[in-house]
Structures are given as C-alpha cells and as structure tokens.
Amino acid sequence: MSYTVTLLPGDGIGPEVTAAARTVIEATGFTIDWDVQEAGGDVIEKYGTALPEPALDSIRRNGVALKGPITTPVGKGFSSVNVKLRKELKLYANYRPAKTMPGVKSRYDNVDLIVIRENTEGLYSGLEHEVIPGVIESLRVITYEASERIVRFAFETARQYGRKKVTVVHKANILKLSDGLFLDVARVVAKDYHEIELEEYIVDATAMRLVMRPESFDVLVMENLFGDIISDLTSGLVGGLGVAPSANIGTHCAVFEAVHGSAPDIAGQGIANPTALILSGALMLRHLRQLEAAANIEHAVHTVLAEGKTITGDLGGNATTSEYAAAVAAVVERL
Ligand code: NAI
Ligand code: MG
C-alpha cells in the first residue's frame, strides 16, 4: 500500500533538509507519492501569501504533510504561516519528543520524554485589546473541550507507547479558575487510564526539575504558552534545534516538521543538519502505521550520530547535508 503525502519544502534551509528527509524515507522501501506544494517567502509575490490555498487544500486532501521551515517576514501585515496552518487545519496537539542521542553533545545521557502542548487556545487565542492608553489586556482562554481533548491525547499517547506516567503541568495555585479547570479535567480523564500514573506539577517547579532530574519525567501535557516554553527547554536537554522533531496533530490532518526555523544564515550552503526533519519523518511513518520503517530510521540516525564520522558542522563534523543523509539512508537500506 502506498500513501500520498503533501511535501512542503518551505524556504531557507527547507528545500535542503526536506530533500535529505525524502532520501532517508525512500530508503525504507515504503512508497510515498509526494504531492509537492509551494509555500514560503519565495511565493508571496506569486500568490500574495506565504501559505497559498493549493498547499492547504493538498494537506486537507491527503491528511498528512511533511513540512520544511517557512520564514515569517518581520513587519506588519505578515502573520506567521505556522500559526495560520495550525488554525486552518485545526491541529490541536503539538507533540515534541526529547530523547538523548548517542554522539549528540548534551548535559544528560538519560532523557526520554514527550511534551504535549495544547495548540489552539490559552494566550494564543489572539484576544488582546487596549483597555485605556497604557493598559493592555490579553485573554488566556481555557475551555473544558480543548483541555479534555489534549489531556486525552496525552493519555492515548502514553498508552500507545507503553509509557507509565503523564505529568499535568499547571499553575492552578495562582490561576485558580483556568488552570483549576485544566487540572480537574485531567483528573477526570485519568480515570479512564488505570495503568498510567497521573502526576500534577506546577510549571515553574517543572522547569527546575527538568534541569535537575529530567529522567524523572515521561509524558508531560500542558496549555499553549507553558508548552511553548517548556518544549524548547526540553529540546535543549538533548542537543538543541538541529535534532528536535515535532508533530502537529488534529482530528483530520497531521503536519510533521522540525522545531527549528529556516536558518537564513546558513541557507543554500548545503551544510544544514537534517536530523530534526528526518526524525519528524519517522514520527510521520509511525502515524501512518509504518512502525518498522519508523524504527529503522531512528536506529540509522542514532548509528550514524554515534559513529560520529559523517556528521554536520553544528554537531562538530564537516559532512554536508546530503552526505549525512546518504550515510543514514545507507544504514536504513541494510536493516
Ligand atoms: P532558526 O531555527 O532558523 O535558526 C536559529 C539558529 O540555529 C541559526 O543560527 C541557525 O543557523 C541554526 N539552525 C537552525 N536549524 C539548523 C539546522 N537544521 N542545522 C544547523 N543549524 C541550524 O531560528 P530563527 O533564526 O529565529 O528563525 C529564522 C526564520 O525561521 C524566522 O523567519 C522564523 O519565523 C522562522 N521559523 C519558522 C519555523 C517553522 O517554519 N516551523 C519555526 C521557527 C522559526
Ligand atoms: Mg516556540
């Protein structure tokens, strides 16, 4: 069986890292028909937007996309393509695993956790206004429905991957109504998952414990802004931007992408590290139930990084993007 998947090469280093991910995914032998769609800074003149309707339609049609980074131009009138994509496709869950990898420099050798961030509300509801000059209000919206959906997603994820614990990260001691609701919902949902422990932890204390004892976490779930901040922190625990994959998941569509941006400072030089997007490709294959292909890609990435012979400049090597991708693909083909 083959699948049609939307491919958005994006801009900046996007085309380079998506080509690399494609090479590695194709090495698994699983056939994908790539529906390549234009998006990004280079198409604004042509379409009047960085996220043209044909690209959105393609994702709606195929249900799955692999996406390169897209530059958000600085200045008024340009809203973030990434925020628009999440809104248009109702991608309510942001999924960011952080796992220690051999050969990638970091302060820890035993991190293996997943951050799940609510992607649609909280302070990102876009409800801001000036009350009187000099006083601005931003509304932090928390609803039962979205909280239930994201907490359930976290427990389902934990169950699917045999995880033992879900930590609900909150600030209900101060935000008694909003985070109080989030916490209440979590307690209700947890009753449906007897085999998984529910842990409640305050967000600031979570930040400290993540740095001191990251191995004590398993799956973490939280509202939008907490998730934005905490998930960058957890990327930093395991080696940073070049190696951090992610997924944005909704009821009908899922978009897989690296955490990093378009890296204009190194774009076009063929030296970007494609690991993050390659690992996002593995998450995508798992979503498509191609469990063996996904595991093979992860294994191959770990193997090449651990050998340390063919790695990109950000990790201390001197391989190009395509040399590294070829090395990973070669290991995949042997598996
Ligand atoms: P960035 O992640 O593009 O770059 C930050 C630093 O990390 C740069 O020095 C860059 O060279 C390095 N870097 C990033 N990815 C790398 C990789 N794969 N290999 C080697 N080095 C890498 O963040 P920045 O500069 O803040 O954003 C640039 C543009 O990307 C902005 O327009 C931003 O809006 C956009 N962006 C897009 C995202 C997306 O499409 N999902 C996510 C984040 C930013
Ligand atoms: Mg962020």
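Which residues of helix 6 are buried? In this predicted model, the buried set comprises Ser178, Asp179, Gly180, Phe182, Leu183, Val185, Ala186, Val189 and Ala190. Helix 6 covers residues 178-190, 13 residues in total. Its first and last C-alpha atoms are 19 Å apart, close to the 18 Å expected at 1.5 Å a residue. Several elements cover the buried residues of helix 6. Among them are helix 5 (144-160), helix 8 (224-237), strand 8 (165-170), strand 9 (197-202) and strand 10 (219-222).

**The chain as a whole**

The chain holds 11 helices and 12 strands. Its radius of gyration is 20 Å, close to the 20 Å that the globule rule gives for 335 residues, so the chain is as compact as a globular protein of that length. The C-alpha trace spans about 55 × 45 × 40 Å along its principal axes. Of the 335 residues, 52% count as buried. Contacts between residues at least 6 apart in sequence join residues at least 24 apart in 72% of cases. The exposed area is about 15200 Å², and carbon and sulfur atoms supply 54% of that area.

**Aromatic pairs**

The whole structure contains four aromatic pairs. Two of these are described here.

| Pair | Centre to centre | Angle between planes | Geometry |
|---|---|---|---|
| Tyr92 and Phe153 | 6.1 Å | 85° | edge-to-face |
| Tyr201 and Phe217 | 6.4 Å | 90° | edge-to-face |

Tyr92 and Phe153 link distant parts of the chain, 61 residues apart. Tyr92 sits in the loop between helix 4 (81-88) and strand 4 (93-99). Phe153 belongs to helix 5, one of the elements that cover the buried residues of helix 6. Both partners are buried: Tyr92 has a relative accessible area of 12%, and Phe153 has 15%.

Tyr201 is in strand 9, while Phe217 is in the loop between helix 7 (203-212) and strand 10, so this pair ties together parts 16 residues apart in sequence. Strands 9 and 10 also help cover the buried residues of helix 6. How accessible is Tyr201? Its relative accessibility is 25%, so Tyr201 counts as partly exposed. Phe217 is buried, with a relative accessible area of 4%.

**Arginines over rings**

Phe217 has a further neighbour. Arg209 lies over the face of Phe217, 3.9 Å from the ring centre. Phe217 thus appears both in an edge-to-face pair with Tyr201 and beneath Arg209. Elsewhere, Arg140 lies over the face of Phe226, at 5.2 Å from the ring centre.

Methods. Residues numbered from 1 in each chain as written. Chains lettered and ligands numbered in written order. Predicted model: local features only at pLDDT ≥ 70, side-chain atom pairs only at ≥ 80, totals over all residues. Heavy atoms only, no water. Helix = DSSP H or I, 4+ residues; strand = E, 2+ residues; numbered from the N terminus. Expected span 1.5 Å × (residues − 1). Buried < 20%, exposed > 50% of the residue type's maximum accessible area, 1.4 Å probe, protein only. Contact = heavy atoms within 4.5 Å. Phe/Tyr/Trp six-rings, centres within 6.5 Å; stacked < 30°, edge-to-face > 60°. Lys NZ or Arg CZ within 6 Å of the ring centre and 35° of its normal. Rg over C-alpha atoms; globule rule 2.2 N^0.38 Å. Areas by Shrake-Rupley, 256 points an atom, 1.4 Å probe, with all protein chains shown as cover.
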